[in-house]
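Welcome! Have a look at the sequence and the structure shown here, and then follow the briefing below topic by topic.

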Amino acid sequence: MSPRPHSLIAEVTHRCPLHCVYCSNPREMQARAAELPAAEWARVFSEAAQLGVLHLHLTGGEPVSRQDLIELVSAGRAAGLYVNLITSGLGLNEDRLKALIAAGLDHVQLSFQDCEEEPANEFAGTRAHARKLELAKMIAKQPVGFTLNMVVHRGNLGRLKAMITMAEEFGVDRIEIANVQYYGWALANRDRLMPTRRQMEECVALVAAEQQRLKGKLRIDFVPPDYYARYPKACMGGWGNGLLLVDPAGRVLPCHAAGVIPGLTFDNVQQRPLAWIWEESPAFLRFRGEEWMKDPCRSCDRRAQDFGGCRCQAMLLTGDAAAADPVCTLAPGRKVVDAILAAVNSSEDPVRDWVYRIDPV
Amino acid sequence: MNLGSVPRLGRGCRLAEDNLQGWILLIPEGVLRLSGPGPHILQRCDGVRTVGQIVEELESVFPGAEAGVIATETTAFLEQLMERRVVIE
């Protein structure tokens, strides 16, 4: 029997006014003309709810770029889902947000690139920071859950304490501090984004202290930088185990980056029922469970905990999607990660000649 | 938290009934499965009732419970959720 999915990540568009240097979208994006219409998304949400999904994450690109966002929110809520909007905020204003809340929006996750304007605009590749400050204060007054998401890396970790203070002053309920994960655009900028070991150690200690200080007042969730870990992250909670992602054109993927794995075909909600795609499509079956595992994962005591780590990372760093995630210290591929970290830690601060995310046509 | 506190659900937290899992609490980072008196307590966390009133009402829902137990357990349950900001005063 297939596991039950709990979350649907709906990339409703790849269009975005920001050009973040660590964007998790694939390098090859879906064009506006290929985007599913709202009625089609509504059917997907209701099929997802029938499969057992509880959380709907409306993301992109910038989901607010969709003129019919309110219909998407209503459809998600009508399907019985918890509706989360993952946004840069650009394109949002108080009236539009109130209408989204009235349509059933449960939660807003607003991204910040930094607490200082100049670097924030540099990382976003656009002048967005000043507007985000206004929006954060406005959102905090609305009857909707509010999380501030801050992606951290070599260029802003020195200001992490000030970033947390900024979030505290806005009056958010929760902060997500996520170290960059190296896929898509972030991989292209890895040498400029990867923190030093010292930064990593300081950030882990700072977050632990701040979690203690803000206990009961503000929740901090933390994603550590996985290249520095001993064991891999339980990527997506296991392949095809709890999450599914639908891209703007309706292709269904087990994660954001799965397109980098050669030989996988992603079925489309326009041709197949979501339940079939989840339960039976070759792409979801490929790395579900443990059958595909090689050593050292196959016989490892941790295999039910981390599922061998990330298939996409194994592909990107070792060329074999079925290998153990090379961040694992038990993996033969770990030497690749060690070499990357050695280079990062022996270099001066890198020149920030960014590869900026481009917008689809 | 004491018997005079007036609890309510935090922003972005919502009770729901799931076909497979019964009463659940949807929260920003996931789902809490509720059992026993859990749903009865949270349905009454409306920003109007005090903990004392909630306890009184629960005593009539669970008439067999020993005196004092419901008050202790309800307070402990709510305090635990307050730490996660799922319930606020």
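Two strands count as paired if DSSP finds at least two bridges between them. With that in hand, I27(B) can be placed: this residue stands opposite G30(B) in β4(B). Please keep in mind throughout that this is a predicted model.

**The small strands of chain B**

- Strand β3 (residues 22-27) of chain B has four bridges to strand β4 (residues 30-33) of chain B, and the two run antiparallel.
- A hairpin of two residues makes the link from β3(B) to β4(B).
- Strand β2 (residues 14-18) of chain B also pairs with β3(B) in the antiparallel sense, over five bridges.
- Within that pair, E17(B) is opposite W23(B).
- Here the hairpin between β2(B) and β3(B) passes through three residues.

**The sheet of chain A**

- What is the order of the strands in the open sheet of chain A? Reading across, it is β7-β6-β5-β4-β3-β2-β1-β8-β9, nine strands with mixed pairing.
- β7 and β9 (252-253) of chain A are the edge strands, and each has a single partner strand, so one side of each is left without a neighbour in the sheet.

**A closer look at β3(A)**

- On one side, β3(A) pairs with strand β2 (residues 55-59) of chain A, in the parallel sense and over four bridges.
- β3(A) is also joined by four bridges to strand β4 (residues 107-112) of chain A, and these two strands run parallel.
- N84(A) takes part in both pairings: its bridge partner in β2(A) is H57(A), and it stands opposite H107(A) in β4(A).
- I86(A) of β3(A) has Q109(A) in β4(A) as its bridge partner.
- Are the residues of β3(A) mostly covered or uncovered? The strand is mostly covered, with six of its six residues buried.
- In a regular strand the side chains alternate between the two faces of the sheet.
- For β3(A), one face holds Y82(A), N84(A) and I86(A), the other holds V83(A), L85(A) and T87(A), and both faces are covered.

**Helices that link the strands**

- β2(A), helix α2 (residues 69-78) of chain A and β3(A) form a right-handed β-α-β unit.
- Another right-handed β-α-β unit is made by β3(A), helix α3 (residues 94-102) of chain A and β4(A).
- Which residues of α2(A) are buried? They are L69(A), L72(A), V73(A), S74(A), A75(A) and G76(A).
- These buried residues of α2(A) pack against α1 (38-51), β2, β3 and α3 of chain A.
- After α2(A) comes G80(A), with a positive phi near 90 degrees.

**Where the two chains touch**

- How many residues does each chain bring to the contact? Chain A gives 18 residues and chain B gives 13 residues.
- On the side of chain A that touches chain B, at least two residues come from each of β3 (82-87), β5 (145-152) and β7 (219-223) of chain A.
- β5(A) provides the largest share of that side, three residues.
- By kind, the residues of chain A on this side are five nonpolar, seven polar and six charged.

**To take away**

- β3(A) is a handy strand to find on the structure: its six residues are buried, and it also supplies at least two residues to the side of chain A that touches chain B.

Terms used:
Residues are numbered from 1 along each chain as its sequence is written. Chains are lettered from A and ligands numbered from 1 in the order in which they are written. This is a predicted model: local features need pLDDT of at least 70, side-chain atom pairs count only at pLDDT 80 or more; totals for chains, interfaces and linings use all residues. Two residues are in contact if their C-beta atoms, placed from the backbone, lie within 7 Å. Ala, Val, Leu, Ile, Met, Phe, Trp, Tyr, Cys and Pro count as nonpolar, Asp, Glu, Lys and Arg as charged, and the others, Gly among them, as polar. A residue is buried if 20 or more other C-beta atoms lie within 10 Å of its own, exposed if 12 or fewer, and partly exposed in between; C-beta atoms are placed from the backbone. A crossover is right-handed if, with the strands pointing away from the viewer, the path from the first strand over the helix to the second runs clockwise.
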